[in-house]
Structure formats: structure tokens, C-alpha cells
Protein chains: 2
Amino acid sequence: MQNHITPQKTAPLSITLTDRLFDSLQRAIVEGEIASGSKISEPELARQYRVSRGSLREAIGRLEARKLVERKPNLGARVVTLSYEQLIEIFQVREALEGMAARLAAQNMSDQEISELQTLLTEHGQQIEEQQGQAYFQKQGDLDFHYRIVQGSKNRQLIGLLCNDLYHLLRMYRYQFGMRSKRSQQAYNEHHFLLNAIVARDAEMAELLMRQHIRSSQRNVEGVFLNLNSEL
Amino acid sequence: MQNHITPQKTAPLSITLTDRLFDSLQRAIVEGEIASGSKISEPELARQYRVSRGSLREAIGRLEARKLVERKPNLGARVVTLSYEQLIEIFQVREALEGMAARLAAQNMSDQEISELQTLLTEHGQQIEEQQGQAYFQKQGDLDFHYRIVQGSKNRQLIGLLCNDLYHLLRMYRYQFGMRSKRSQQAYNEHHFLLNAIVARDAEMAELLMRQHIRSSQRNVEGVFLNLNSEL
DNA sequence: AAACCCAAAAGTGTCGACACTATTTTATTT
DNA sequence: AAATAAAATAGTGTCGACACTTTTGGGTTT
């Protein structure tokens, strides 16, 4: 029984409701709209999003798989609570995975992709000179750069782990702790070294430099946290 | 408000149906009971397991998150098809993650845990001498050893990624391709070297040895596949 | 007033039914 | 008979309802 009054068949965007719900919720959680550590009430959220509980539960299930919420049987789901310890854990995993990604990228990126990455990095350099202090673009730029290298690894397991699982958690930390680093110039330099290694197809060196880069970023975060604590 | 009459509070057997379903399906898929690459019919499976489709769908959702099945909107879910390329990808991720795990384990394992691991390894050595060729126990032993080191890293992100995501996929390959390695003696030696590094609390060396160990295992698998192809 | 118990309310887990989409089968045209 | 179109079938996506569990609130006892 096809309804011949609905001509919007043109949009095979049959993206499922659960998908959209998942995206919305993920964004809301990452950006702190739904407070970290808060309990998630299924009936309430279902009303709020005008959606049945069934679909909502499937979306929450995915959020759980991405470690954005924790669920206990018969008790419900809570948004994860961020901790300094967990952030360090994430940095350690990133160091391992992105180090490998850089190694593989040095082997597997196409010349085309590499030259695009060079262009991107040049733009970043200009932005840093022009607008000193505006950390917003830098953060985005940093993410872009890392993102491309991960893609360049051509390892789909790796890509999935980093882009689907870890990066969202990391973005959540950035939003909620508002980490504004003053090391954009330093980070830019490190990106440059790393890219040089990739251009030279030096996999070993690429991994080394990526790991140093991430450790450096980690130390920066550690410093911020120490300062924060000393201010209390 | 302690209830001194209900001591069985210790056993919260309220494990949800979806949980059990997920476990059953995961086992069935990993062990090949549900053929790799085959389509999953929700109504059929629901009848088979005497369960409603709703619960089944939640379980399938989790399987998807663990990359054991792939789902396309309105088309349904299929068990992932294993490929040589994907197996190599998994080895690369393992090398990165378990390398880091070994590094952290060298720093964070308790003396108690280390000595237990030494005991375990000694048992493995005896088993190898006693029953040459019985690769079953060796495989299990290898998994035990790696499992403990990952736990020893004390990094919950890392533990989750390896034990919940990757290891099941890896077990699936083992079941379906029946990889029986003839290098149990070699693997045992490598485990021993690695453990020595951990005993010495040499994190750098532990990571290096773990990575070599996994690469060695990877080369073994590559060899098996090449032989397989030359036999066709 | 604090601790305990019990009933009411709210929340989660599970189910069956309906709506819409994709596939297969049947019917029609050339 | 092959190709196309239409109808029937099967499958997935979404929903509302019921069952069971946990929490809440009020009433009783010490």
C-alpha cells in the first residue's frame, strides 16, 4: 500500500530514527548539555525527544558501547563522570594507537593525500600568525590534522577505534574542562616535523614523532590540572 | 539501612535477557555456529531463541558495536566476513595496544601479580614438555598470559578495548581458520623474555619485547596464509 | 526522633502489534 | 519467451502496553 502522496522519495536518507537520536544524544553529552554524571531517565528523554522508549534504548545502548554512558541492570544509565585519571588513560591509548597510525600513514598515504596535508598545515601556520590567541581554530586544526593521519593509515580497525570511540570522549573532556592550550605554536612545529617524516616515508620516525607529540600534549594537560589544583 | 536478613544480595542474578542473548550470540558467531558472512534474520533468530525481537535487536546492536556483525538500514544485519587483510589490521592494532599494555604493566603490576604470572608461565613450560603437539592448551595459555598483562596495565580504557573488542574478533579468526601454530616453544621463550623485563620493571624493554612477540606471531600467520594459497 | 515496614509511584526489561521498506512472486504486455 | 509492472510476502523500524524491580513516601513501633 504505497502512499502516492509522499514524493520525498527523492531523499533516500532513510537514516533511521535511532541513528539520529544517537547523534543528538552524543552531541548533547559531549557538549555538556546533558551533565556529566547525571542520570538518564528513559521516560523523560523519550518525551523530550518525542520518541518511543524502544528507539531511545537502542540509542542509549550505542552510547554505552562508546563509553559515553554507563548502565547498570534495573538501575538505568548515567552519563560517565570524567576524571583526571581517565583522561590520562585516554592519552596513553592515543599514544599507542596514533603512533601506529602515523607509522602506517607514512607507508600508506598517497602522494595526493600527503600534499593536501601539507596545504592544510600551511594554512594552520598562517592562521597562527594572523590571529594569535584564538585557540578555537587551533583546536579544530589540530583535530583535522590528526584525523587525516589516522585516515591515512588505511587501517579500518584503527580508524574505527580512534574516530568512533576515542575522539568523542576526548572532545567531551575539551568541552567540559575547556582546555585552552597555549602551545599552538609548539604543536604546529611538532606537526611539521611529523609531516616531514611522512613525506620521507620514514615510518619509524613518524611513529616516534607522533608519540612525542601526544606525550607533549599530555604533559601540557597535566600541567593545567596541577595549576588548577594549586589554585583551589 | 543494612538489611541483615538478605545475605544473597551478593548474587544480583538480575542479569538481563539481552545480556544472556548477547553472550550466546557472540559465542555462536565466534565459534562459527552462525556462519561468517551469513545474514541474520531477526524473526527467525527470535523464534529460535524463544525471545522477542526487541531484546534480540538490542543484542544485535551490541554485536554491531563490537564489529562482529554489520548492519545496513532496512536491509538487516550480516555476520562480518573475515579476510586476511582485516586480520593483519587487527595484528597492527594489537601490536600498538598490547605494546603499551606491556609498558604500563611493567610499571603498574603488583609484585603479587607478577609472581602469579611467573607461576603461570612455569606451568606452561611444563605442559609444553609433557604434551608436545597438543596446541589446544598452548593457545589458551597464550591468551591467559596476554590477558593478565593487559589487566596488569591497570588502564581501563586499554583493558576494555583489548578484552571486549579485539580479543573476540581474534578468537573468531582462530576458530574459523583453525590456526594451529607450531611455534609454541618459540612463543614460550618470548613470553619469558617479556616477563623478565616486567620483573625488572623495564617499561621500555617490555613494550619492545611485546611488540616483537606480536609481530612474530603475525609473521607466522602470514606464512600460514601464503602456504594455504600455494596449495590451492 | 530514628529505625523499620509497607504501600504507592516511578523506572527499567520484555513483549506483541503496526507501519513502512525491500524482496519475491505473479500477472501483463511486447 | 523475455521484459516489465503489479501484487503478495517477508523483513526491518517504531511504537504502546504489561511485568517486574527499585525508589519514594507515609505510617507504625521502639
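A phosphate oxygen of DNA strand D lies 3.0 Å from a side-chain N or O atom of B:K39, which is a polar contact (a pair of N or O atoms within 3.5 Å; within protein, one must be able to donate a hydrogen and the other to accept it, and residues adjacent in sequence count only if both atoms are side-chain atoms). The model is predicted: local features need pLDDT of at least 70, side-chain atom pairs count only at pLDDT 80 or more, and totals for chains, interfaces and linings use all residues. Residues are numbered from 1 along each chain as its sequence is written, chains are lettered from A and ligands numbered from 1 in the order in which they are written, and side-chain values use heavy atoms, with hydrogens and water left out.

**DNA strand D**

- Two residues of chain A also make contacts with phosphate oxygens of DNA strand D: a polar backbone atom of A:S52 at 3.1 Å, and a polar side-chain atom of A:S55 at 3.2 Å.
- The elements that give two or more residues to the surface near this strand are α1 (17-30) of chain A and, from chain B, β1, α2 (42-48) and α3 (53-65). Helices (H or I, at least four residues) and strands (E, at least two) are DSSP runs, numbered from the N terminus.
- There are 16 residues around DNA strand D, and A:T16, A:L17, B:K39, B:R53 and B:R57 come nearest. A residue is near a molecule or strand if one of its heavy atoms lies within 4 Å of it.
- Of the atoms of DNA strand D that come within 4 Å of the protein, 73% are in sugar and phosphate.
- The surface near DNA strand D has five nonpolar, seven polar and four charged residues. Here Ala, Val, Leu, Ile, Met, Phe, Trp, Tyr, Cys and Pro count as nonpolar, Asp, Glu, Lys and Arg as charged, and the others, Gly among them, as polar.

**DNA strand C**

- DNA strand C is surrounded by 18 residues, of which A:K39, A:R53, A:R57, B:T16 and B:L17 are the closest.
- Sugar or phosphate holds 73% of the atoms of DNA strand C within 4 Å of the protein, and the rest belong to bases.
- Backbone atoms of chain A reach phosphate oxygens of this strand at two residues named here: an N or O atom of A:I40 at 3.3 Å, and a polar atom of A:E42 at 3.2 Å.
- From chain B, a side-chain N or O atom of B:T18 is 3.3 Å from a phosphate oxygen of DNA strand C.
- β1 (39-40), α2 (42-48) and α3 (53-65) of chain A, together with α1 (17-30) of chain B, each give two or more residues to the surface near DNA strand C.
- By class, this surface has six nonpolar, eight polar and four charged residues.

**The sheet of chain B**

- Three strands of chain B form an open antiparallel sheet in the order β1-β3-β2; two strands pair if DSSP finds at least two bridges between them.
- The edge strands β1 (39-40) and β2 (69-72) of chain B each pair on one side only.
- Two bridges join β1(B) to β3(B) (residues 76-79): B:I40 stands opposite B:A77, and B:K39 has B:R78 as its bridge partner.
- β2(B) and β3(B) are joined by four bridges, among them B:E70 opposite B:R78 and B:K72 with B:G76.
- The hairpin of β2(B) and β3(B) has three residues between the strands, and B:N74 takes a positive phi near 70° there.
- The covered face of β3(B) holds B:A77 and B:V79, while B:G76 and B:R78 are on the uncovered one.

**How the two chains are related**

- Two copies of a chain are related by a rotation about an axis and a shift along it.
- A turn of 180° and a shift of 0.0 Å along the axis lay chain B on chain A with an RMSD of 0.0 Å, with copies superposed by least squares on the C-alpha atoms of residues with pLDDT of at least 70 in both.
- The two copies are therefore related as by a two-fold rotation axis.
- In chain B, the C-alpha nearest the axis belongs to B:A96, 2.5 Å from it.

**Cysteines**

- The count of disulfides (pairs of cysteine sulfur atoms within 2.5 Å) is zero over all chains.
- A:C163 counts as buried because its relative accessibility is 9%; buried means under 20% relative accessible area, exposed over 50%, and partly exposed in between (1.4 Å probe, protein chains only).
- B:C163 is buried too, with a relative accessible area of 8%.
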